[in-house]
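Q: I am new to this structure and would like a close look at a single part of it, taken slowly. Please start from the whole and then lead me to that part.

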Amino acid sequence: MSRYDLAHEDKNYRFYIPDKVMQLFDDEFDYRETANHKELTDYAVALFVGMISVPAVPSGGGGGSSNDLPWGRNEDEDEMERARRCARAAIKKFGKKPKSLIRR
C-alpha cells in the first residue's frame, strides 16, 4: 500500500492506496510531462477512495444527466478498471496540461 496525503477544503487527509493503483496514476499523470499532475492525481485519488463523486452534468439545453452510472465501487468492477475510470474523469474535468519545454 502507498500512503497518499490529500488537502481538501482546509483539511488534510491520509489514504492508503494499493501500490498498483498509485503506479497507474503516477504513469498516467507523469510529473515530468504533465504540468497539473498534482491536481489530476488528487482528484483521481479522491474519486477512487469515494471521498467525492463526479457531479451529474446536464446534457444540452434540457435537464437531466449525461451519465447515470454510479461513481462508488461496483461489486463486479476490477480495482484497476475503477482506477482507470477515475483517471479518465480527472482528465475530463481538468484536462491534461503538458509541461512546456524550454528550448535553446
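How much surface does the chain expose, and what share of it do carbon and sulfur atoms supply? After that, please look closely at the largest nonpolar core: which of its residues touch the most other members?

A: The model shown here is a predicted one, and its chain exposes about 7500 Å², of which carbon and sulfur atoms supply 49%. The chain has 104 residues, and 31% of them count as buried. It holds three helices and two strands, which follow one another from the N terminus in the order β-β-α-α-α. Of the contacts between residues at least 6 apart in sequence, 55% join residues that are at least 24 apart.

With that frame in place, we can turn to the core itself. In soluble globular proteins, nonpolar side chains tend to be buried together. In this model the largest nonpolar core has 22 residues, and those that touch the most other members are Ile17, Val21, Phe25, Phe29, Val45 and Phe48. At least two residues of this core come from each of β1 (2–8), β2 (11–17), α1 (19–28), α2 (37–49) and α3 (79–94). The largest share, seven residues, is supplied by α2.

Two of these core residues repay a closer look, beginning with Ile17. If its neighbours within four places in sequence are left aside, Ile17 is in contact with Met1, Ser2, Tyr4, Met22, Val45, Phe48 and Val49. Val45 and Phe48, two of these partners, are themselves listed with Ile17 among the core residues that touch the most other members.

The second is Phe29, which lies in the loop between α1 and α2. Phe29 counts as buried because its relative accessibility is 2%, and buried means under 20%. Again leaving aside neighbours within four places in sequence, the contacts of Phe29 are Thr34, His37, Leu40, Thr41, Ala44, Ala87, Ala90 and Ile91. Along the chain Phe29 and Pro98 are 69 residues apart, yet their C-alpha atoms are separated by 9.8 Å.

Phe29 also leads to another feature of the model, since it is one of the residues that line the second largest pocket. Rolling a probe the size of a water molecule over the atoms shows where empty space is left. About 160 Å³ of space lies in this second largest pocket. Besides Phe29, its lining is made of Tyr4, Met22, Asp26, Asp27, Asp30, Tyr31, Arg32, His37, Lys38 and Thr41. Two or more of the lining residues are given by each of α1 and α2. By type, the lining divides into four nonpolar, two polar and five charged residues. His37 and Thr41, which belong to the lining, are also contacts of Phe29.

From helix α3, Ala89 can serve as an example of a residue placed within that element. Ala89 is buried, because its relative accessible area is 12%, while the limit for buried is under 20%. Ala89 and Leu47 are 42 residues apart in sequence, and from C-alpha to C-alpha they are 8.7 Å apart in space.

For contrast, we can finish at the two strands and the loop that joins them. Arg14 lies in strand β2, and it counts as partly exposed because its relative accessibility is 47%, which falls in between the limits of 20% and 50%. Not counting residues up to four places away in sequence, Arg14 touches Arg3, Tyr4 and Asp5. Arg14 and Arg3 are eleven residues apart along the chain, and 6.9 Å separates their C-alpha atoms.

In the loop between β1 and β2 we find Glu9, and Asp10 has its place in that loop as well. Glu9 counts as exposed because its relative accessibility is 65%, and Asp10 is exposed with a relative accessible area of 86%, where exposed means over 50%. Although Glu9 is not a glycine, it has a positive phi of about 50°. Asp10, also a residue other than glycine, has a positive phi near 60°.

Note on methods. Residues numbered from 1 in each chain as written. Predicted model: local features only at pLDDT ≥ 70, side-chain atom pairs only at ≥ 80, totals over all residues. Heavy atoms only, no water. Helix = DSSP H or I, 4+ residues; strand = E, 2+ residues; numbered from the N terminus. Buried < 20%, exposed > 50% of the residue type's maximum accessible area, 1.4 Å probe, protein only. Contact = heavy atoms within 4.5 Å. Areas by Shrake-Rupley, 256 points an atom, 1.4 Å probe, with all protein chains shown as cover. Core = buried A, V, L, I, M, F, W, Y, C linked by side-chain atoms within 4.5 Å. 1 Å grid on protein atoms, 1.4 Å probe; cavity = no way out; pocket = protein on both sides within 12 Å on 5 of 7 lines; lining within 4 Å. Points joined across faces, edges and corners; volume = space filled by probe spheres on them. Nonpolar A, V, L, I, M, F, W, Y, C, P; charged D, E, K, R; others polar.
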